[in-house]
Each structure stands twice: as structure tokens, then as C-alpha cells.
Amino acid sequence: MKKSILFIALALCFGTSQAQFGKLIKKKAKAAVEKKLDKKGGTGLSSRTENASGMVGSSSTSNQSSSKSEYTDEEFKAELAKKYPNDQAKQDLYYQKYLEKKQKDAEANKPKAAAKIGGEFLYMSYPFAMTKGMSAVGVDRVKLRRQMTDMGDNVDILPSQDPEYAWLRFLTTPELEMMSPEGYIGYELVSGMFTTKVGPDRSQTLELGTGMPILVRGMLIAEDIFVIYAGSHQGGHAFNVPSYMHQNDITVLNIIGKGEQQFHLDWLEKAKPIVKEFESTLKANYDEAAKATRDAIKMPEAGTMNNNTSLINFAKEKVSATIAKDGAKLLKLTIESNDWNIVKNKYTGHIMYRWIKGAFTEKNKNNDCYLQGFLIKQQYNGSGYSSSEFGGIIHGQMPYGQKMSCDNAN
């Protein structure tokens, strides 16, 4: 009896060990197939290494991006059938994963679009300085990241010391993109600050950024070639169009691109006429918009009070003397009011004075013409009104104070 019990116990232990061993074998087989899926199932991805120049490129020892898979689709199916002969669901699952990975690899190996910026670290012609905590860090290599945001098409410059930190951000607008030279895209600095050397001998240090009197722009010249330039500007986006830089003040601050020195020297020479052409186009657009606005400004129509010769002569005398202090000359004057406007004390209702308004055009010492306004007052003395007083030039009230065409001002 004892021998029988011992034999049964040994048999059970052996069966349990066999079952556990069988599970272990199945796990290993599954892991092997999954490993083969990861290793052999795709089309092969080229690895990337960083060469001695600091540029990121394809490794010569890695698989080529166009390398052929070790299995055809039918061969891979047959391999799965061997591994899982009694489990069609598992065959289908792993075959689907194989197809998904194959598709993913194919997408990854597609050539980059010509207008896109790569992910390599690129060299700068002149090092910038970025503020990191309490210290300034020199930057000579950066990464360009181009992306679409809710504001539009952005180019971010990320320093190699901290590639996740968007140090400078440039934004293009439909106007800037439309007016850029063919094949290029102009951008404007919208966030970030940096310090750089400027001038022909690079002996001056200048801090640049948004909110400065000097405008900073960038231009995407080609894939992975970005030019940063700056200059004093005109407009401040007046007339709903972008500002433009004065031609003689444009300075190319930096070329971001490949590491060869000659590459940067060539582009420092080639970039300036390109950005000057861009700014010239912006100036033409600005001038056109400004002219259209000036042409729309007209002298207001004369009112009934314009027939009063003594009031007209009084207004001309006072206006001429006032604007002459600033070197301006009176061109044309008219009274707009049809009658006097009476002003009363808001508490007692007693009359205080009456007034009329008029408009005039002037040419200032820069030969620019403006539309301006003026007031004439007469004080109430209890029984009548006193002689006329000059109420001064009207400020901060449309349409006065606007530049106008000198053809309309005479």
C-alpha cells in the first residue's frame, strides 16, 4: 500500500514538472517569434551616428534604408504556421503586427520633403550667447525645428546644450510668405532674446529680441540653411502690412547650416542681396498701402460758417503762427461748422461759451502733408459773446492728425 501511494505521488510530481516545463517551452517559443518579428519582420531602418564634424548622418555599417526584408509576406506566413500550427488566431495576430511594422518602416524611409528642416545639429557662422539660469552660455551649434502651430508656420532654434528648449522662435505670416523671393520663406522673430557680435569686424556686442527698436528676421534659404538678419525698420505694421528694414542698415547676423567654413563664407556673401530684395519688396508693399491710405484722406466739406470772412482770416492767422513753431506751412483752411455749438454749466444750466471747428492742411519741414483740425471759441459775458479766441489744434481725434497726399492738401 505504501509503495502504491509513493508511486502515485512520484507520478503526480513528474506530471506537474512536465506541465511546467511545457509552459516554459511555449513562453520561449513565443518570445523567439516576437524577437524575430522585431528583428526580421520589417524593411530595415538605417541607424544614425554622429561623425567627427558634429553633423548627424547615416552610419556606413548600418543597414541601408532600402535593404530587403529577410522574409517575403508568404514566407513569413509559412514561418508563423510552423510555430503555431494549431493556433490560427495567433498566426493572424502576429502577421498583422508584421504588416504594421513593415508599413511603419516604409513610411520612415520615405525621402524628406524638400521644404522640411532636418533634425541634425547645424553650425552657426558666429556663436550666439543664450542665458541659462544666471550665466550666459555660448552657442555654436543648434537644431532647427519647423512646425505648424495655431499661429502659423514656425522655425524654432534649439541650442545643442538643451535641445528641448526653444531658444528663439521665428514666425511667418501669409504676407511675409507671399512676398518672399521665389524658393525662400521669410520669418520674423516673435519670441526669445540673444546676444551676438555685430559690425564688419564683429567687435560690437548687441542684445536682440522682440520689443527692441531693431527688427530681427530670418529666412529659410534651402533645406537646413537658415539666415538671421536685422536692421532698423519703418512702419511697425502700420496700414495693416509688415514693416520693412532700411536697406543701408541690414546686417546678416548668422548663417545656420553645414559645418564647413567655406559654406558659411559663401552664404554670408549670397544671403545679403536675397534679404535686401525681400525687404525692398516689403517696402514697396508698405509704400503702396501708405499711399492708398493717404489718397483716401480728403479735406472735410465746408460748413455754413465758412462764409464768415472775419472768422476765416482769424483762423488762418492763428493756425499759421502755431504750426510755424514746428517749421510747418499752412496750405488750406476751412470751417466745418454750420453754426455755433453752445456749452452750458451742467449744474446751473448757465451758458459758458460757444465754439466752432475747422480743418486745415499743412506741409511740415520734411515735406509731408497732414490733415489737422482747430477750434475757435467765444466766451459768454452774461449779455453776449466776447471776441474770438483760438481754441488750439485738435489732437487725438480722427480724421485729424493723419498724413495725406499733398495733391489733396492744396
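This report describes a helix, a loop residue, a hairpin and several salt bridges in the structure shown above. The model is a predicted one, and the values given below are computed from its atoms.

**Helix α2**

Helix α2 covers residues 73-83, and within this helix F76, E79 and L80 are buried. These three residues lie on the same side of α2, because they cover an arc of only 100° around the axis. The spacing of such positions follows from the geometry of the helix: an α-helix has 3.6 residues a turn, so residues three or four places apart point the same way. On the other side of α2, by contrast, E74 and K82 are exposed.

**The loop residue S180**

S180 belongs to the loop that runs between α4 (174-179) and β7 (185-191). The relative accessible area of S180 is 11%, and this residue therefore counts as buried, the limit for that class being under 20%. Its side chain reaches the backbone oxygen of L176, at 2.6 Å. When residues up to four places away in sequence are not counted, S180 touches I185, G186 and F278.

**The hairpin of β15 and β16**

Strand β15 (residues 341-344) pairs with strand β16 (residues 351-363) in the antiparallel sense, and the pairing extends over four bridges. One of the bridge partners can be named: V343 is matched with Y353 in β16. Between the two strands of this hairpin there are six residues, and G349 takes a positive phi near 80°.

**Salt bridges**

Side chains of opposite charge can pair when their charged atoms come close. In this model the count comes to eight salt bridges, and the table sets out three of them with the separation of their closest N and O atoms.

| Salt bridge | N to O separation |
|---|---|
| D156 and R145 | 3.0 Å |
| R217 and E188 | 3.1 Å |
| D295 and K291 | 2.8 Å |

How far apart in sequence are the parts that D156 and R145 tie together? D156 forms its salt bridge with R145 at 3.0 Å, and since D156 lies in strand β5 (residues 152-159) while R145 lies in strand β4 (residues 135-149), the pair ties together parts that are eleven residues apart in sequence. The surroundings of the two partners can also be described: D156 is buried, with a relative accessible area of 0%, whereas R145, at 29% relative accessibility, counts as partly exposed.

The side chains of R217 and E188 likewise meet in a salt bridge, with 3.1 Å from N to O. This pair links distant parts of the chain, for R217 is in strand β10 (residues 214-222) and E188 is in strand β7, 29 residues apart. Are these two partners buried or exposed? R217 counts as buried at 0% relative accessibility, and E188 is also buried, with a relative accessible area of 14%.

The salt bridge of D295 with K291, at 2.8 Å between the closest N and O atoms, is found within a helix. Both residues are in helix α5 (residues 261-296), and because D295 and K291 are four residues apart there, they are separated by about one helical turn. D295 counts as partly exposed at 28% relative accessibility, and K291 counts as partly exposed at 47%. Elsewhere, salt bridges that share partners join R145, D156 and R169 into one network.

Definitions and conventions:
Residues are numbered from 1 along each chain as its sequence is written. This is a predicted model: local features need pLDDT of at least 70, side-chain atom pairs count only at pLDDT 80 or more; totals for chains, interfaces and linings use all residues. Side-chain values use heavy atoms; hydrogens and water are left out. Buried means under 20% relative accessible area, exposed over 50%, partly exposed in between (1.4 Å probe, protein chains only). The arc is that of the directions from the helix axis to the C-beta atoms. A polar contact is a pair of N or O atoms within 3.5 Å; within protein, one must be able to donate a hydrogen and the other to accept it, and residues adjacent in sequence count only if both atoms are side-chain atoms. Contact means heavy atoms within 4.5 Å. Two strands pair if DSSP finds at least two bridges between them. A salt bridge is a side-chain nitrogen of Lys or Arg within 4 Å of a carboxyl oxygen of Asp or Glu.
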